[in-house]
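Let's walk through this model together, starting with its pocket and ending with two backbone details.

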Amino acid sequence: MSQKKSPGAKGSPWPGHPYHRDNNINGIDGDPDNDGNGYEVHTLTIPAITALQEAYIRKVIETVGDFDNIIYEISNESHGNSTDWQFHMINFIKKCEHSRPMRHPVWMTFQYDKTFGPGTNQTLFDSPAEAISPNSIIGRKEVYRSNPPAADGSKVILLDTDHLWGIGGDAVWVWKAFTRGMNPLFMDPSKREAPLDQFGLSSKWDGIRAAMGITLKLAERIDLATLTPQPGLADTGYCLASPGRKYLVYLPDGGEATLNLTGINGEFNVQWVHPTQGTLSSITTIPGDARQTLKAPYPGHAAVYVWTSSPND
């Protein structure tokens with residue numbers, strides 16, 4: 001990887017990089033302008049390095065390409081001038097896998113660098129990658145931390161706290177991201193925080209960890225692939241739905257939520273899910289063909305699952 005820190009900065013990876021001129025006997029120089037950064041290795045300006053990177057990709061694919069639990073990430077937070085290089089490598093992976101029996105998604109994360117300036121989320125959406133991890137800002141407005149826009153299905157969005165806060169997030173953010181059709185990822189602080197408990201896992205983040213586990217179990221229960229973000233069906237704006245069959249509504253402020261079941265006949269089951277404890281309420285029923293107001297049975301933020309009681313569901 002090329003560095004994000006200034007030349008000679010503590011923690012810079014460039015002095016130990018294999019493409020550093022002092023670290024190989026092959027005449028490979030990833031810093032031809034001698035500025036101490038090595039940014040060129042994440043561009044297409046040095047054909048010899050591009051060829052080496054392509055050879056490495058081929059070897060990785062040959063080694064792990066028969067496994068189904070693989071996603072390829074091009075580079076984590078590479079610099080803002082790396083776009084053409086990243087797009088090239090994404091397409092190269094696809095080319096290598098084209099004739100193979102199994103193909104895998106490719107992931108592009110937000111470009112961040114203090115020298116060239118950050119990239120943009122639009123670059124991620126324009127990329128040939130199947131999965132992306134955006135930054136918190138769209139235009140000049142912060143959205144992905146406080147009010148994530150509903151995913152439109154054009155990309156799988158792995159909403160990673162690393163690219164939004166560094167270290168941050170809470171249980172409310174997990175549920176907002178989840179019910180807007182995104183996949184929340186938490187960068188655990190591990191040894192970065194002080195003081196830490198004996199195991200390096202600060203208890204202040206237990207809420208976000210719990211919420212991620214609960215949303216995972218719920219996703220498996222409700223067959224998440226059959227639902228899409230439908231913010232207009234609930235007045236809270238946070239709703240996953242298969243209209244007429246299943247609805248998962250999140251209430252970030254708790255209290256009440258109105259779910260629009262107008263024009264849908266029949267009876268629906270209702271069950272509340274506590275967002276951080278995972279406890280389930282008893283199942284009640286409501287009629288369809290109306291706007292139904294659902295009241296949380298406990299204080300604080302809440303989630304409710306509503307599904308048709310038809311014997312076919």
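The paragraphs below cover the pocket and then two residues.

This is a predicted model, where local features need pLDDT of at least 70 and side-chain atom pairs count only at pLDDT 80 or more, while totals for chains, interfaces and linings use all residues. Residues are numbered from 1 along each chain as its sequence is written, and side-chain values use heavy atoms, with hydrogens and water left out.

The largest pocket (an open set of points on a 1 Å grid over the protein atoms alone, where a 1.4 Å probe fits, with protein on both sides within 12 Å along at least five of seven lines) has a volume of about 450 Å³, the volume being the space filled by probe spheres set on the points. Gln53, Tyr56, Ile57, Glu73 and Ile74 are the closest to its centre among the 19 residues that line it; lining residues have an atom within 4 Å of a point. Helix H1 gives the most to this lining, with six residues, and strand E1 (72–73) and helix H2 (83–97) each supply at least two. Helices (H or I, at least four residues) and strands (E, at least two) are DSSP runs, numbered from the N terminus. By class, the lining has 14 nonpolar (Ala, Val, Leu, Ile, Met, Phe, Trp, Tyr, Cys and Pro), four polar (the others, Gly among them) and one charged (Asp, Glu, Lys and Arg) residues.

Now look at the backbone. Asn34, in the segment before helix H1 (47–64), is not a glycine, yet its phi is positive, near 55°. Asn34 is exposed (over 50% relative accessible area, 1.4 Å probe, protein chains only), at 55%. Asp223 also has a positive phi, about 55°, and sits in the loop between helix H6 (206–222) and strand E8 (228–229). At 40% relative accessibility, Asp223 is partly exposed, a class that lies between buried (under 20%) and exposed (over 50%).
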